[in-house]
Amino acid sequence: MAAGFEISFIDSEVKRWLQEKAPDDGICLKRFRADFTVDDLCSFQEGASITIGGENYVIAKTGKRCFEECQLLQRTGRPCPLASGVAFGEKEKSI
């Protein structure tokens, strides 16, 4: 999970890609663990609210950076779907 964020999300299609089609040479592909899988996560913007299991979360950051040393990135020249198919959030604070 990204530093400073309470929760991580992954888009359901990206998770399916990871399970079925992901190559073996990406740094994050085997390490990344999401707390929740969400349909159509790519449509969420930073600041959006999402409710899961009765808890409200705010999307604090969408996407993740790629590592320059990633062999997959070096081989293909482009980020894998994980770069844009994840988000990080925090529990919504009560007022």
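Visitor: Which residue in β2 stands opposite D11?

Guide: That's V38, which stands opposite D11. This is a predicted model, where local features need pLDDT of at least 70, side-chain atom pairs count only at pLDDT 80 or more, and totals for chains, interfaces and linings use all residues. Residues are numbered from 1 along each chain as its sequence is written, and side-chain values use heavy atoms, with hydrogens and water left out.

Visitor: What makes β1 and β2 a pair?

Guide: Two strands pair if DSSP finds at least two bridges between them (strands are DSSP runs of E, at least two residues; helices are runs of H or I, at least four; both are numbered from the N terminus). β1 and β2 (residues 36-38) have three bridges, in the parallel sense, so they pass that cut-off.

Visitor: Why is the unit of β1, α1 and β2 called right-handed?

Guide: The word applies if, with the strands pointing away from the viewer, the path from the first strand over the helix to the second runs clockwise. β1, helix α1 (residues 12-20) and β2 make a β-α-β unit of that hand.

Visitor: How do you know that β5 pairs with β1?

Guide: Four bridges join β1 to β5 (residues 86-91), and the two run antiparallel. I10 stands opposite V86 there. β5 is also joined to β4 (residues 55-62), antiparallel again, by five bridges, and Y57 has K91 as its bridge partner.

Visitor: Why is β1 called mostly covered?

Guide: Five of the five residues in β1 (residues 7-11) are buried, meaning under 20% relative accessible area (exposed is over 50%, partly exposed in between; 1.4 Å probe, protein chains only). I7, F9 and D11 point one way, S8 and I10 the other way. In a regular strand the side chains alternate between the two faces of the sheet.

Visitor: How do you know that C42 is in no disulfide?

Guide: A disulfide is a pair of cysteine sulfur atoms within 2.5 Å. The closest cysteine sulfur to that of C42 is in C80, 12 Å away, so it's too far for a bond. C80 is in no disulfide either, with the sulfur of C66 nearest at 5.9 Å. The whole structure has zero disulfides.

Visitor: What makes C42 partly exposed and C80 buried?

Guide: C42 has 48% relative accessibility, so it counts as partly exposed. C80 has a relative accessible area of 17%, so it is buried.
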